[in-house]
Amino acid sequence: MDSIQGKHFSITDPKGVNTVIYQVNKTEKEFLKEYPKYTVERLDHIEEIRGDFNKKTFYVENPSKDGNKLVILSFGDERVVINTGILLGDEVKITKKPTPFKFTTIYSEDESEYKEFRYTPNLKRPISIIDPETTEEVKPTLYFDENTNEIMGKCKLKPYKSYFAFEIRDGE
């Protein structure tokens, strides 16, 4: 029987706050010339309601010995609080030095498709677009671009609605 090696940790959200956590992955050296240096992957979690609080337990499969970099996004009333951290051993440490990343709010009065972005060969992407009301990701439509010979994605956005988008960038 196969067993999954992993770690888990919990956070507690107060009423009106919804936290999601992404793991930041560094692209393998052999793909760095063609693909983004970093990709993001949303962590799976389970939820447990405790009165006015919501306890979430997040899972990291195959944790790295050097630690797993995390982006912690807490969505509340009309704002997003952004933290970075690292899962190292059995402990999550919130970093004092912020990880450089770009984020923006996307809004359009027309139904639109968001800019195309490339995927790495293992189907990871450098950008995530989130509906701040539900904190669900906007799932991209994947397609193969025959001109560039790459797997690409684009997201369809609803009109009159704001979205939160972020991308991890190299600090240089």
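**Close-up A. The largest pocket in this predicted model has a volume of about 300 Å³.** Like the other views here, this one comes from a predicted model. Fourteen is the number to keep in mind for the lining: of those 14 residues, Gly76, Glu78, Arg79, Pro132 and Glu133 are the closest to the pocket centre. Three elements, β6, β7 and β16 (161-168), each give two or more residues to the lining.

**Close-up B. Here's what the wall of that pocket is made of, with β16 giving the most to the lining.** Strand β16 puts in four residues. Sorted by character, the lining of the largest pocket splits into five nonpolar, five charged and four polar residues.

**Close-up C. Strands β6 and β7 sit side by side as an antiparallel pair.** Take β6 as residues 68-76 and β7 as residues 79-88, and you'll find nine bridges between them. One spot to look for is Phe75, which stands opposite Val80 in β7. Both strands also turn up in the pocket story, since β6 and β7 are among the elements giving two or more residues to the lining of the largest pocket.

**Close-up D. Pull back a little and β6 and β7 turn out to belong to an open sheet of five strands.** Read across, the order goes β3-β2-β6-β7-β8, and the pairing is antiparallel. The edges are taken by β3 (38-42) and β8 (91-94); each has a single partner strand, so one side of each is left without a neighbour in the sheet. From one strand to the next, the twist averages 35 degrees.

Technical notes:
Residues numbered from 1 in each chain as written. Predicted model: local features only at pLDDT ≥ 70, side-chain atom pairs only at ≥ 80, totals over all residues. Heavy atoms only, no water. Pairing = 2+ DSSP bridges. Axes fitted to C-alpha atoms, helices over the stretch in contact; angles between N-to-C directions. 1 Å grid on protein atoms, 1.4 Å probe; cavity = no way out; pocket = protein on both sides within 12 Å on 5 of 7 lines; lining within 4 Å. Points joined across faces, edges and corners; volume = space filled by probe spheres on them. Nonpolar A, V, L, I, M, F, W, Y, C, P; charged D, E, K, R; others polar.
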